[in-house]
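Please open the structure in a viewer and keep the selection tool at hand. The tour below proceeds from one selection to the next and states what is found at each stop.

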Amino acid sequence: QVQLVESGGGLVQPGGSLRVTCVASGSIFSINVMVWYRQAPGKQRELVADVTSGGSSNYADSVKGRFTIYRDNAKNTIYLQMNNMEPEDTGVYLCKALVRREAWSREYNYWGQGTQITVSS
């Protein structure tokens, strides 16, 4: 089995910074892309940022220049550094990983449970 666990959420004031972490563990041969999503109340889940095993990353337009995703392949971990945060960044932040469990197996997506971030004064 594969588990993804997010951590680092909390309450932050507008203009503040926060870093969230997602750790993948379990039966893992390799991980392809890892992704941060967020789910705000009453809104659709949206992709925030993703990063490949080679380090290539993409960002939602709403977070470009403020958020940075980075990855430690040796630890099967990704981080999301969030700066100059806005109330619109509020939501549950979820991690997804595209995992190959064995060298011969196909890849499957696994999700974490999420971590709540609230941006408010």
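Which side chain does aspartate 89 meet in a salt bridge with N and O 2.8 Å apart? It is the side chain of arginine 66. A salt bridge here is a side-chain nitrogen of Lys or Arg within 4 Å of a carboxyl oxygen of Asp or Glu.

Before continuing, please note that this is a predicted model, in which local features need pLDDT of at least 70 and side-chain atom pairs count only at pLDDT 80 or more, while totals for chains, interfaces and linings use all residues. Residues are numbered from 1 along each chain as its sequence is written, and side-chain values use heavy atoms, with hydrogens and water left out.

**First stop: the salt bridges**

Select aspartate 89 and arginine 66 together. Aspartate 89 lies in the loop between S8 and S9, and arginine 66 in the loop between strand S6 (57–59) and strand S7 (67–72), so the pair ties together parts that are 23 residues apart in sequence. Strands are DSSP runs (E, at least two residues), numbered from the N terminus. Aspartate 89 is buried, at 0% relative accessible area, and arginine 66 is buried as well, at 9%. Buried means under 20% relative accessible area, exposed over 50%, and partly exposed in between (1.4 Å probe, protein chains only).

Next, add arginine 38 to the selection. Arginine 38 forms a salt bridge with aspartate 89, and the closest N and O atoms are 2.9 Å apart. This pair links distant parts of the chain, for arginine 38 is in strand S4 (residues 30–39) and aspartate 89 is in the loop between strand S8 (77–82) and strand S9 (91–100), 51 residues apart. Arginine 38 is buried, with a relative accessible area of 4%.

Then add glutamate 46, whose side chain meets that of arginine 38 in a salt bridge (2.6 Å, N to O). Glutamate 46 is partly exposed, at 32% relative accessibility. To see the full network of salt bridges, display Arg38, Glu46, Arg66, Glu86 and Asp89, which are linked in it. The count of salt bridges by this rule is six.

**Second stop: a buried aspartate**

Move to aspartate 50, in strand S5 (residues 46–51). Aspartate 50 is buried but has no salt bridge; lysine 96, the nearest side chain of opposite charge, is 8.2 Å away. For charge, Lys and Arg count as positive and Asp and Glu as negative, whereas His and the chain ends are not counted. Beyond its neighbours within four places in sequence, aspartate 50 is in contact (heavy atoms within 4.5 Å) with Val33, Met34, Val35, Ser56, Ser57, Asn58 and Ile69.

**Third stop: the aromatic rings**

The whole structure holds two aromatic pairs. Rings of Phe, Tyr and Trp (its six-membered ring) pair if their centres lie within 6.5 Å; planes under 30 degrees apart count as stacked, over 60 as edge-to-face and the rest as tilted. Select tyrosine 37 and tryptophan 111: their ring centres are 5.0 Å apart and their planes are at 45°, so this pair is tilted. Tyrosine 37 is in strand S4 and tryptophan 111 in strand S10 (residues 107–111), so the pair ties together parts 74 residues apart in sequence. Tyrosine 37 is buried, at 14%, whereas tryptophan 111 is partly exposed, at 35%.

The other selection is tyrosine 70 with tyrosine 79, a stacked pair with 5.0 Å centre to centre and 25° between the planes. Tyrosine 70 is partly exposed, at 34%, and tyrosine 79 is buried, at 14%.

Return to tryptophan 111 and add arginine 45, whose charged end sits over the tryptophan ring, 4.7 Å from its centre. A charge sits over a ring if NZ of Lys or CZ of Arg is within 6 Å of the ring centre and within 35 degrees of the ring normal. Arginine 106 likewise lies over the face of tyrosine 108, 4.5 Å from the ring centre.

**Last stop: strand S8**

Finally, select S8, in which five of six residues are buried. Two strands pair if DSSP finds at least two bridges between them. S8 pairs with strand S3 (residues 18–26) in the antiparallel sense over six bridges; methionine 82 in S8 is the bridge partner of leucine 18. S7 and S8 also run antiparallel, joined by six bridges, and aspartate 72 has threonine 77 in S8 as its bridge partner. S7 and S8 form a hairpin with four residues between them, and asparagine 76 in the turn has a positive phi of about 50°.
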